Amino acid sequence: QVQLVESGGGLAQAGGSLRLSCAASRRTFSSDAMGWFRQAPGKEREFVAVINWSGNTYYADSVKGRFTISRDNAKNTVSLQMNSLKPEDTAVYYCAAALDGLGRKYDYWGQGTQVTVSS
């Protein structure tokens, strides 16, 4: 069983920044792909970003150039730096672990952290 615990959500103004972190309990964290997803009220959950086992990153078009995903394998953490925030970034953000190392299928999910961006 893997536990993922997100932190760092909160309230920000448009144009501001927030940094989300996710701590994983998995001993072989470095072999997993770690992703961030978000779900806004009344909408389906959507992909935000992923970092695979080798450190390659991929982003949704809506956040490209504004968000940066990174990982610290020594600390079993993955972070999402969110800059130039927009009101449409308001959502519950979830981190997820993909044991395949690539992010094709996510096996574990965190409980989510709320991000609210005011205009």
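These are my notebook entries on a predicted model, taken one topic at a time.

**Entry 1: the open sheet**

I began with the strands and how they are ordered. I found an open sheet of 4 strands in the order 1-3-8-7, with antiparallel pairing. Strand 1 (4-7) and strand 7 (67-72) stand at the edges, each with a single partner strand, so one side of each has no neighbour in the sheet. From one strand to the next the twist averages 15 degrees.

I then looked up one pair inside this sheet. Strand 3 (residues 18-24) and strand 8 (residues 77-82) are antiparallel and share 6 bridges. I noted one position: Leu18 is opposite Met82 of strand 8. As a general reminder to myself, strands of a sheet pair through backbone hydrogen bonds.

**Entry 2: strand 9 and its partners**

Next I turned to strand 9 (91-98). How many of its residues are buried? I find 7 of the 8 residues of strand 9 buried, which makes the strand mostly covered.

I listed the pairings of strand 9 in turn.

- Strand 4 runs antiparallel to strand 9, and 7 bridges join the two; Ala33 has Ala98 in strand 9 as its bridge partner.
- Strand 11 pairs with strand 9 over 3 bridges, in the antiparallel sense; here Tyr93 is opposite Thr113 of strand 11.
- Strand 10 (residues 108-109) pairs with strand 9 over 2 bridges, again antiparallel; in this pair Ala96 faces Trp109 of strand 10.

**Entry 3: the disulfide**

I searched for disulfides and the count came to 1. Which cysteines does it join? The bond runs from Cys22 to Cys95, with an S to S distance of 1.9 Å. Cys22 belongs to strand 3 and Cys95 to strand 9, so the pair ties together parts 73 residues apart in sequence.

I also checked whether the two ends are covered. Cys22 has a relative accessible area of 0%, and is therefore buried, as the limit is under 20%. Cys95 is also at 0% relative accessibility and counts as buried.

**Entry 4: the nonpolar cores**

I looked for the residues that touch the most other members of the largest nonpolar core. That core has 29 residues, and the ones I was after are Trp36, Leu80, Met82 and Tyr93. At least two residues of this core come from each of strand 3, strand 4, strand 5 (46-51), strand 7, strand 8, strand 9 and strand 11 (113-118).

I followed Leu80 a step further. Beyond its neighbours within four places in sequence, Leu80 is in contact with residues including Leu18, Leu20, Trp36, Val48, Phe67, Ile69 and Tyr93. Another core, of 6 residues, lies apart from the largest one; among its members I noted Ala33, Phe37, Val50 and Ala96.

**Entry 5: Arg38**

I ended with a single residue, Arg38, which is found in strand 4 (residues 33-39). Is Arg38 buried or exposed? The relative accessible area of Arg38 is 5%, so Arg38 is buried, the limit being under 20%.

I then asked which side chains make polar contacts with the side chain of Arg38. One is Ser62, at 3.4 Å. Another is Tyr93, at 2.9 Å. Tyr93 had already come up in the largest nonpolar core and opposite Thr113. With residues up to four places away in sequence left out, Arg38 touches several others, among them Glu44, Arg45, Glu46, Val48, Phe67, Glu88 and Asp89. Val48 and Phe67 are also among the contacts of Leu80.

Conventions. Residues are numbered from 1 along each chain as its sequence is written. This is a predicted model: local features need pLDDT of at least 70, side-chain atom pairs count only at pLDDT 80 or more; totals for chains, interfaces and linings use all residues. Side-chain values use heavy atoms; hydrogens and water are left out. Buried means under 20% relative accessible area, exposed over 50%, partly exposed in between (1.4 Å probe, protein chains only). A polar contact is a pair of N or O atoms within 3.5 Å; within protein, one must be able to donate a hydrogen and the other to accept it, and residues adjacent in sequence count only if both atoms are side-chain atoms. Contact means heavy atoms within 4.5 Å. Two strands pair if DSSP finds at least two bridges between them. Axes are lines fitted to C-alpha atoms, for helices over the stretch in contact, and angles run from 0 to 180 degrees between N-to-C directions. A nonpolar core is a set of buried Ala, Val, Leu, Ile, Met, Phe, Trp, Tyr and Cys residues joined through side-chain atoms within 4.5 Å. A disulfide is a pair of cysteine sulfur atoms within 2.5 Å.
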